[in-house]
Amino acid sequence: MSFNDIFKSSFLESVSEFSMIDTLLGLSVALVISMFIFVIYKKTMSGVMYSDSFALALVGLSLITTLVIMAVTSNVVLSLGMVGALSIVRFRTAIKEPVEIVFLFWALATGIVIGAGMIPLAIIGSVIIGLILLLFANRKSHNNPYILVLNLQDEKAEEAALNILKQSVGQYAVKSKTVHGAGIELTAELRIKDAATAFINRIHSVSGVENVTLVSYNGEYMS
């Protein structure tokens with residue numbers, strides 16, 4: 001046994017298989033595409049739905065996934081150990097919007113494809129996905145869903161309130177109606193274009209209308 005054999009290490013030998021150029025190229029491409037995903041997310045998720053931390057997580061997720069896949073594809077034994085290690089990871093962060101799942105899988109898929117060395121596929125696929133998301137985001141409906149609750153004294157006030165409602169909104173549907181000794185409680189689901197709520201004042205001015213409550217909610221139940 002020679003002096004070199006004493007300090008011979010399989011770990012150091014595996015370092016020689018590491019390519020700095022391939023790593024920098026893969027991470028650079030992953031950074032560019034992840035920034036593209038960041039921009040698409042920012043343009044499609046407007047208002048209170050947009051989250052800075054989630055957008056930053058998309059960039060980090062693409063870079064980390066790329067790094068992991070590069071390590072896995074270079075060593076079969078390492079890939080088996082990596083699968084076992086990642087199987088114990090649990091994510092507890094709640095997803096606020098279903099479309100955020102699309103961005104999560106997009107970021108993961110980008111890292112996997114780039115890590116596997118298929119950079120053209122990652123670029124072309126990301127461009128196509130981004131254009132599709134932008135197209136459908138710009139065509140989404142601007143009619144906001146609301147719940148309207150009316151407290152009425154009698155049937156005459158109910159009829160007058162519904163007439164104003166019919167003339168003021170594009171579509172509505174009565175969800176519940178409760179008649180008791182104090183009067184009538186009516187609940188309706190409706191959609192308002194551009195958040196025009198002036199008709200609520202007209203309904204409240206009707207004789208026999210005691211209270212009018214308009215509540216916004218995130219629902220897609222009305223066709």
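In what order do the elements of the protein chain run from the N terminus on? Colour the model by secondary structure and read along: α-α-α-α-α-α-α-β-α-β-β-α-β. This is a predicted model. The protein chain holds nine helices and four strands. Of its 223 residues, 31% count as buried.

**Stop 1: helix H3**

Select residues 20-44, which form helix H3. Put a distance between the C-alpha atoms at its two ends: they are 36 Å apart. At 1.5 Å a residue, the 25 residues of H3 should span 36 Å, so the model agrees with the expected value.

Now show the side chains of H3. Its buried residues are Thr23, Gly26, Val29, Ala30, Ile33, Ser34, Ile37, Ile40, Tyr41 and Thr44. An α-helix has 3.6 residues a turn, so residues three or four places apart point the same way.

**Stop 2: Thr110**

Move to helix H6, residues 99-115, and pick Thr110. Is Thr110 buried or exposed? Thr110 counts as buried because its relative accessibility is 3%, under the 20% cut-off.

Display what surrounds Thr110. Leaving out residues up to four places away in sequence, Thr110 touches Ile33, Ile37, Ser62 and Ser126. Two of these names, Ile33 and Ile37, are on the list of buried H3 residues. Then add Ala122: twelve residues along the chain from Thr110, with 5.8 Å between the two C-alpha atoms.

**Stop 3: the surface of H7**

Select helix H7, residues 119-138, and find Phe136 there. Phe136 counts as exposed because its relative accessibility is 55%, over the 50% cut-off.

Switch on the surface. Phe136 belongs to a nonpolar patch with Ile123, Ile124, Val127, Ile128, Leu131, Ile132 and Leu135. Together the patch residues have about 770 Å² of accessible area. For the protein chain as a whole, the accessible surface comes to about 14,500 Å², and carbon and sulfur atoms account for 65% of it.

**Stop 4: two cores**

Which residues touch the most other members of the largest nonpolar core? They are Leu150 and Ile203, in a core of 20 residues. Strand E1 (143-152), helix H8 (155-168), strand E3 (183-193), helix H9 (199-204) and strand E4 (209-216) each give two or more residues to this core. H8 gives the most, with five.

Centre on Ile203. Apart from residues up to four places away in sequence, Ile203 touches Leu150, Ala161, Ile164, Val209 and Val212. Next, go to a second, separate core of 19 residues, which includes Ile40, Leu58, Phe103 and Ile119.

**Stop 5: two salt bridges**

How many salt bridges does a search of the whole structure find? There are two. Side chains of opposite charge can pair when their charged atoms come close.

Select Glu158 and Lys177 for one of them, at 3.1 Å from N to O. The pair links distant parts of the chain, 19 residues apart: Glu158 is in helix H8 and Lys177 in strand E2, residues 171-180. Compare the two ends. Glu158 is buried, at 9% relative accessible area, while Lys177 counts as partly exposed at 45%.

Then select Lys175 and Glu189, whose closest N and O atoms are 3.3 Å apart in a salt bridge. Lys175 lies in strand E2 and Glu189 in strand E3, so this pair ties together parts 14 residues apart in sequence. Glu189 is buried, with a relative accessible area of 4%.

**Last view**

Zoom out to the full chain. Of the contacts with a separation of 6 or more, 74% are between residues 24 or more positions apart.

Technical notes. Residues numbered from 1 in each chain as written. Predicted model: local features only at pLDDT ≥ 70, side-chain atom pairs only at ≥ 80, totals over all residues. Heavy atoms only, no water. Expected span 1.5 Å × (residues − 1). Buried < 20%, exposed > 50% of the residue type's maximum accessible area, 1.4 Å probe, protein only. Patch = residues over 30% accessible without salt bridge, like charges linked within 9 Å, V, L, I, M, F, W, Y side chains within 5 Å. Areas by Shrake-Rupley, 256 points an atom, 1.4 Å probe, with all protein chains shown as cover. Salt bridge = Lys/Arg side-chain N within 4 Å of Asp/Glu carboxyl O. Contact = heavy atoms within 4.5 Å. Core = buried A, V, L, I, M, F, W, Y, C linked by side-chain atoms within 4.5 Å.
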